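User: Hey, I've got this protein open and I'm not sure where to start. Can you walk me through it?

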Amino acid sequence: MNVPTWGWFLTIGLMAVFLAVDVFVIARRPHVPSMAEAGRHLAFFVGLAVLFGLFVWFEWGGQYAGEFYAGWLTEYSLSVDNLFVFLLIMASFKVPQKLQQSALMVGIVIAIVLRGIFIALGAVVINAYAWVFYIFGAFLIYTAVKLATGGESDDDEYHENRLLLWIEKRFPATKEWNGTRLTVIENGKRLITPMLIVILALGTTDLLFALDSIPAIYGLTKEPFLVLTANIFALMGLRQLYFLIGGLLKKLVYLSIGLSVLLAFIGVKLVLHALHENNLPFINGGQPIESVPDIPILVSLGAIVLILGVTTVASLWKSKRDARLEASDAGADESVVS
């Protein structure tokens, strides 16, 4: 995939403009978006991603378009899991509802910058050391098993990472909210505000999630341009998704299982790809194992859609059934009391 330098600058520039407009509008009018507003904005960003995929198809072919769509869907589904933690962060810091949009927007911008650095480092490592796919694949399979067996934290509380603890100890802070301001001056002394701490919490937490999402998307495409754009499109719609499906998240009871299957599938795909292009001397004498299948992108895309579809339908079915059983039990209790 040959992307000219101007293509990189143009793509990143246009995305930066969309984000800048978003930040400017929110900064001028902090508010709680309505369902209709969040839905319109989410549809806009999703439509933009679909059109970008069609542009990739027209410019570079269906193979790369399939890789973009597979990567974007994977990053988007993993981002939904991030929303659980974002909700905990907002609750932990007691962020006023009208300021949550601003905190999310700036936190997402920070996450995009940090992911960009992480993606660039991943591309350098992959180009220099092909065997890194073994490590990526094993890590994703390990993460999948950990997620499926409940190894991920299911606490209802958010625990600050070391960076935030260090910042809070190093810099004096005020406990009062001052709108979207990041610092204030009290008694002649400059203090950081809770808004700054929340923004850093959102940005750095998302980077921790990137530890499995970046290897996952590199399992679907080795093109840094597609990896970067898929991540940006997934993050650009994350704020609207936060407000739109906040209540729906509780109904996705099988999300962890679905994501674990998804990560395991990509992990196996990475290991098979590594074996297919093997150059480690202690495996098959350093020669590729050509008999090992290399899963094509269309199969990967179909598997991703199937896994996410089954996960969503099964989750909503179970949530609806449980709600119906609770309602019938409550009705039975009332009849007994009467």
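User: Where does pLDDT stay under 50?
Analyst: This is a predicted model, and pLDDT stays under 50 over residues 151–155. For that stretch the model has five contacts beyond four places in sequence.

User: How should I treat a bit like that?
Analyst: Where pLDDT is low, the predicted coordinates should not be read in detail.

User: Okay, and what does the protein chain average for pLDDT?
Analyst: The average is 80, and 86% of the residues score at least 70.

User: Switching topic. How many helices and strands are there?
Analyst: You'll find 11 helices and two strands in the protein chain.

User: What pattern do they follow along the sequence?
Analyst: Going along the sequence, the protein chain reads α-α-α-α-α-α-β-β-α-α-α-α-α.

User: How much of the chain counts as buried?
Analyst: The protein chain has 338 residues, and 46% of them count as buried.

User: And what about contacts between residues far along the sequence from each other?
Analyst: Take the contacts between residues at least 6 apart in sequence: 78% of those join residues at least 24 apart.

User: Now holes! How many cavities of 30 Å³ or more are there?
Analyst: The count comes to one cavity of 30 Å³ or more. The largest cavity has a volume of about 40 Å³.

User: Which residues line the largest cavity?
Analyst: The lining is made of Ala130, Trp131, Phe133, Tyr134, His273, Ala274, Glu277, Asn278 and Asn279. Helix 5 (132–148) and helix 10 (255–276) are the elements that give two or more residues to that lining.

User: What kinds of residues are those, charged or not?
Analyst: It's a mix: five nonpolar, three polar and one charged residue line the largest cavity.

User: Last topic, aromatics. How many aromatic pairs does the whole structure have?
Analyst: A search of the whole structure turns up 11 aromatic pairs. Phe44 and Phe45 form an edge-to-face pair, with 5.4 Å centre to centre and 65° between the planes.

User: Are Phe44 and Phe45 buried or exposed?
Analyst: Phe45 has a relative accessible area of 7%, so Phe45 is buried. Phe44 counts as partly exposed because its relative accessibility is 41%, and the partly exposed class sits between 20% and 50%.

User: Which rings get linked into a cluster?
Analyst: Ring pairs link Trp8, Phe52, Phe55, Trp60, Phe68, Tyr69, Phe225 and Phe233 into a cluster.

Note on methods
Residues numbered from 1 in each chain as written. Predicted model: local features only at pLDDT ≥ 70, side-chain atom pairs only at ≥ 80, totals over all residues. Heavy atoms only, no water. pLDDT = per-residue confidence, 0-100. Contact = heavy atoms within 4.5 Å. 1 Å grid on protein atoms, 1.4 Å probe; cavity = no way out; pocket = protein on both sides within 12 Å on 5 of 7 lines; lining within 4 Å. Points joined across faces, edges and corners; volume = space filled by probe spheres on them. Helix = DSSP H or I, 4+ residues; strand = E, 2+ residues; numbered from the N terminus. Nonpolar A, V, L, I, M, F, W, Y, C, P; charged D, E, K, R; others polar. Phe/Tyr/Trp six-rings, centres within 6.5 Å; stacked < 30°, edge-to-face > 60°. Buried < 20%, exposed > 50% of the residue type's maximum accessible area, 1.4 Å probe, protein only.
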